[in-house]
Amino acid sequence: MINVTIWNEFVHENIHDEVKAVYPEGIHAALAAGLDGNGFAITTATLDQPEHGLTEEVLNATDVLVWWGHMAHDQVSDEVVARVVKRVLGGMGLIVLHSGHFSKPFKTLMGTSCDLKWREAGEQEIIWNVNPSHPISMGIDAKIILEHEEMYGEFFDIPTPDELVFISNFEGGEVFRSGCTFRRGQGKIFYFRPGHETFPTYYQPEILKVIANAINWAYPLQTPAPVFGNMQPVRELKPAAVL
């Protein structure tokens with residue numbers, strides 16, 4: 001059983017009627033419902049909870065953290081960000097969705113601005129599967145078509161991904177690296193582009209399949225933690241020659 005925590009700032013849904021109409025219980029609730037049945041133990045957390053719902057106890061019990069944020073990145077406490085980053089470096093998986101590219105944890109782990117081009121025009125997005133043998137793309141056809149989405153365009157200011165799984169093209173002509181993996185410390189990170197708050201993207205089965213695959217991929221392997229610092233030799237050293 002993989003313990004998954006879905007974090008959503010849960011701000012848009014409370015103040016914008018057009019978002020509440022699409023996600024009446026919040027994006028986190030839609031994701032939790034859509035991912036149910038995959039063998040995950042799912043809990044949710046939101047910005048307005050004490051410590052944003054990401055206490056030491058919660059994070060220590062989390063195998064994979066899913067993150068959606070947009071208009072309240074600056075309201076996430078630096079203490080909680082440091083806690084999330086520490087857990088990722090220690091092995092917790094992290095799935096960053098859509099505008100979470102500007103979240104404090106993602107930017108900290110990437111070490112870059114993570115900026116990009118964008119446009120809200122409700123245009124078609126085609127997500128191309130460019131790594132069909134990757135575990136994250138298992139069961140996904142050559143492409144996923146979203147009839148209406150927000151455009152993200154290159155250049156996307158991230159480090160070169162360890163693996164590129166999906167590339168998007170948009171009706172207006174732009175392209176974007178929309179599915180990227182990274183490894184930081186012992187943790188695995190997947191950034192997945194689609195999911196603008198005014199479109200029902202997180203009800204689309206193929207999108208949920210990708211996220212479920214990513215959770216399975218990011219699940220921490222039970223491997224020994226690396227040992228650092230001064231070490232004794234693994235075999236006896238020969239005495240140093242006297243000059």
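This section describes the overall form, the salt bridges, the surroundings of helix α3 and some unusual backbone geometry of a predicted model.

The chain contains seven helices and nine strands. Its radius of gyration is 20 Å, close to the 18 Å that the globule rule gives for 243 residues, so the chain is as compact as a globular protein of that length. Along the principal axes, the C-alpha atoms occupy a box of roughly 80 × 40 × 35 Å. Half of the chain is shielded from solvent by the criterion applied here, since 50% of the 243 residues count as buried. Among contacts between residues at least 6 apart in sequence, those joining residues at least 24 apart make up 71%. The accessible surface amounts to about 11900 Å², and carbon and sulfur atoms account for 55% of this area. With regard to charge, the chain carries 17 positive and 31 negative charges, and the mean positions of these two sets are 11 Å apart.

Ten salt bridges are found in a search of the whole structure. One of them pairs Glu-174 with Arg-119, with a distance of 2.8 Å between the closest N and O atoms. Glu-174 is located in the loop between β7 (163-170) and β8 (175-184), whereas Arg-119 belongs to strand β5 (residues 117-129), so this pair ties together parts that are 55 residues apart in sequence. Both partners fall in the intermediate class of accessibility: Glu-174 is partly exposed at 22% relative accessibility, and Arg-119 is partly exposed with a relative accessible area of 29%.

Strand β5 also supplies Glu-125, which lies in that strand and is paired with Arg-193 from the loop between β9 (187-192) and α7 (205-218); the pair therefore ties together parts that are 68 residues apart in sequence. The N to O distance in this salt bridge between Arg-193 and Glu-125 is 2.5 Å. Arg-193 is buried, at 0% relative accessibility, and Glu-125 is likewise buried, with a relative accessible area of 0%.

A further salt bridge is formed by the side chains of Glu-154 and Arg-177, at 2.9 Å from N to O. Glu-154 is part of the loop between β6 (143-153) and β7, and Arg-177 is part of strand β8, so the pair ties together parts that are 23 residues apart in sequence. The two partners fall on opposite sides of the 20% cut-off for burial: Glu-154 is partly exposed at 23% relative accessibility, while Arg-177 is buried with a relative accessible area of 17%. In addition, Glu-51, Glu-56, Glu-79 and Arg-83 are joined into one network by salt bridges that share partners.

Glu-154 is also involved in a backbone feature, because the peptide bond from Glu-154 to Phe-155 is cis, with omega near 15°. Phe-155 is situated in the loop between β6 and β7.

Helix α3 (residues 27-35) has buried residues at Ile-27, His-28, Ala-30, Leu-31, Ala-32 and Leu-35. In an α-helix there are 3.6 residues a turn, so residues three or four places apart point the same way. The cover over the buried residues of α3 includes the strands β1 (2-8), β2 (40-46), β3 (64-68) and β4 (93-97), together with the helices α1 (12-15) and α7. After α3 comes Gly-37, which has a positive phi near 95°.

Positive phi values also occur at residues other than glycine. Glu-51, a member of the salt-bridge network, has a positive phi of about 55°. This residue is placed in the loop between β2 and α4 (56-60) and is partly exposed, with a relative accessible area of 41%. Cys-114 likewise has a positive phi, of about 60°, although it is not a glycine. Cys-114 is located in the loop between α6 (104-110) and β5. In contrast to the partly exposed Glu-51, Cys-114 is buried, with a relative accessible area of 0%.

Methods. Residues numbered from 1 in each chain as written. Predicted model: local features only at pLDDT ≥ 70, side-chain atom pairs only at ≥ 80, totals over all residues. Heavy atoms only, no water. Helix = DSSP H or I, 4+ residues; strand = E, 2+ residues; numbered from the N terminus. Rg over C-alpha atoms; globule rule 2.2 N^0.38 Å. Buried < 20%, exposed > 50% of the residue type's maximum accessible area, 1.4 Å probe, protein only. Contact = heavy atoms within 4.5 Å. Areas by Shrake-Rupley, 256 points an atom, 1.4 Å probe, with all protein chains shown as cover. Lys, Arg positive; Asp, Glu negative; His and termini not counted. Charge placed at Lys NZ, Arg CZ, Asp CG, Glu CD. Salt bridge = Lys/Arg side-chain N within 4 Å of Asp/Glu carboxyl O.
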